[in-house]
Amino acid sequence: MHNRNESMEEYLEAMYRLKEKGIPIRIAQLSSMLKVSAPSASEMVRKLQSRHLVSHGAYGKIELCTKGEEIG
């Protein structure tokens with residue numbers, strides 16, 4: 001099992017890859033890409049948001065903040 005920081009980095013890397021491909025970042029894409037459940041992906045996005053690494057806005061759109069993009 002990964003530790004929390006490794007998992008966070010995996011999520012940020014996945015988000016960065018989606019962004020680079022021009023694909024809107026949403027929970028469904030993350031859960032599919034990382035092979036985790038949607039509730040697990042949602043929980044991690046909340047943790048990342050609380051650390052100001054991502055913003056999770058209207059209509060489920062997720063965006064990397066500057067710090068999150070640097071890590072990703």
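Me: Leaving aside neighbours within four places in sequence, which residues is Met15 in contact with?
Reply: This is a predicted model. In it, Met15 is in contact with Ile25, Leu30, Val45, Leu48, Val54, Ile62 and Leu64, leaving aside its neighbours within four places in sequence.

Me: Which residues in the largest nonpolar core touch the most other members?
Reply: Met15 is one of them. The others named are Tyr11, Leu30, Val45, Leu48, Val54 and Ile62. The core has 17 residues.

Me: Which elements each supply at least two residues of this core?
Reply: Helices α1 (4–20), α2 and α3 do, and so does strand β2 (62–64).

Me: And where does the largest share come from?
Reply: From α1, with six residues.

Me: Why are nonpolar side chains buried together?
Reply: That is a general tendency in soluble globular proteins.

Me: OK, Leu30. Buried or exposed?
Reply: Buried, because its relative accessibility is 0% and the cut-off for buried is under 20%. Leu30 lies in helix α2.

Me: What is Leu30 in contact with, leaving aside neighbours within four places in sequence?
Reply: Tyr11, Ala14, Met15, Leu18, Ile25, Lys35, Val45 and Ile62.

Me: How far is Leu30 from Gly57?
Reply: Their C-alpha atoms are separated by 15 Å. Along the chain, Leu30 and Gly57 are 27 residues apart.

Me: Switching to helices. At what angle do α2 and α3 cross?
Reply: Roughly 110°. Helix α2 covers residues 27–34 and helix α3 covers residues 38–50. Their axes come within 9 Å. The angle makes α2 roughly perpendicular to α3, because 65 to 115 degrees counts as roughly perpendicular.

Me: Is that crossing left-handed or right-handed?
Reply: The crossing of α2 and α3 is right-handed.

Me: Which residues meet there?
Reply: From α2, Ile27, Leu30 and Ser31. From α3, Ala38, Ala41, Ser42 and Val45.

Me: How many of those are nonpolar, polar or charged?
Reply: The contact of α2 with α3 has five nonpolar residues, two polar and no charged.

Me: What about Ser31? Buried or exposed?
Reply: Ser31 is buried, because its relative accessible area is 11%. Its place is in helix α2. Leaving aside its neighbours within four places in sequence, Ser31 is in contact with Val36, Ser37, Ala38 and Ala41.

Me: New topic: loops. Where is Lys35?
Reply: In the loop between α2 and α3. Its phi is near 55°. That is a positive value in a residue other than glycine.

Me: Is Lys35 buried or exposed?
Reply: Exposed, because its relative accessibility is 73%. The cut-off for exposed is over 50%.

Me: What is the phi of His52?
Reply: About 60°. It is positive, although His52 is not a glycine.

Me: And where does His52 sit?
Reply: In the loop between α3 and β1 (54–56). His52 counts as exposed, because its relative accessibility is 60%.

Me: What does His52 contact, leaving aside neighbours within four places in sequence?
Reply: His52 is in contact with Cys65 and Lys67.

Me: How far apart are His52 and Thr66?
Reply: In space, 8.9 Å, C-alpha to C-alpha. In sequence, His52 and Thr66 are 14 residues apart.

Me: Back to α3. Is Arg46 buried or exposed?
Reply: Arg46 counts as exposed, because its relative accessibility is 52%. Its place is in helix α3.

Me: How far is Arg46 from His56?
Reply: They are 8.0 Å apart in space, C-alpha to C-alpha. In sequence, Arg46 and His56 are ten residues apart.

Me: Last one, Glu10. Which helix does it lie in?
Reply: Glu10 lies in helix α1. Glu10 is partly exposed, because its relative accessible area is 30%.

Me: How far apart are the C-alpha atoms of Glu10 and Ile71?
Reply: They are separated by 9.8 Å. Along the chain, Glu10 and Ile71 are 61 residues apart.

Key:
Residues numbered from 1 in each chain as written. Predicted model: local features only at pLDDT ≥ 70, side-chain atom pairs only at ≥ 80, totals over all residues. Heavy atoms only, no water. Axes fitted to C-alpha atoms, helices over the stretch in contact; angles between N-to-C directions. Helix = DSSP H or I, 4+ residues; strand = E, 2+ residues; numbered from the N terminus. Parallel < 35°, antiparallel > 145°, perpendicular 65-115°, else oblique. Left-handed = near helix turned anticlockwise from the far one by under 90°. Contact = heavy atoms within 4.5 Å. Nonpolar A, V, L, I, M, F, W, Y, C, P; charged D, E, K, R; others polar. Core = buried A, V, L, I, M, F, W, Y, C linked by side-chain atoms within 4.5 Å. Buried < 20%, exposed > 50% of the residue type's maximum accessible area, 1.4 Å probe, protein only.
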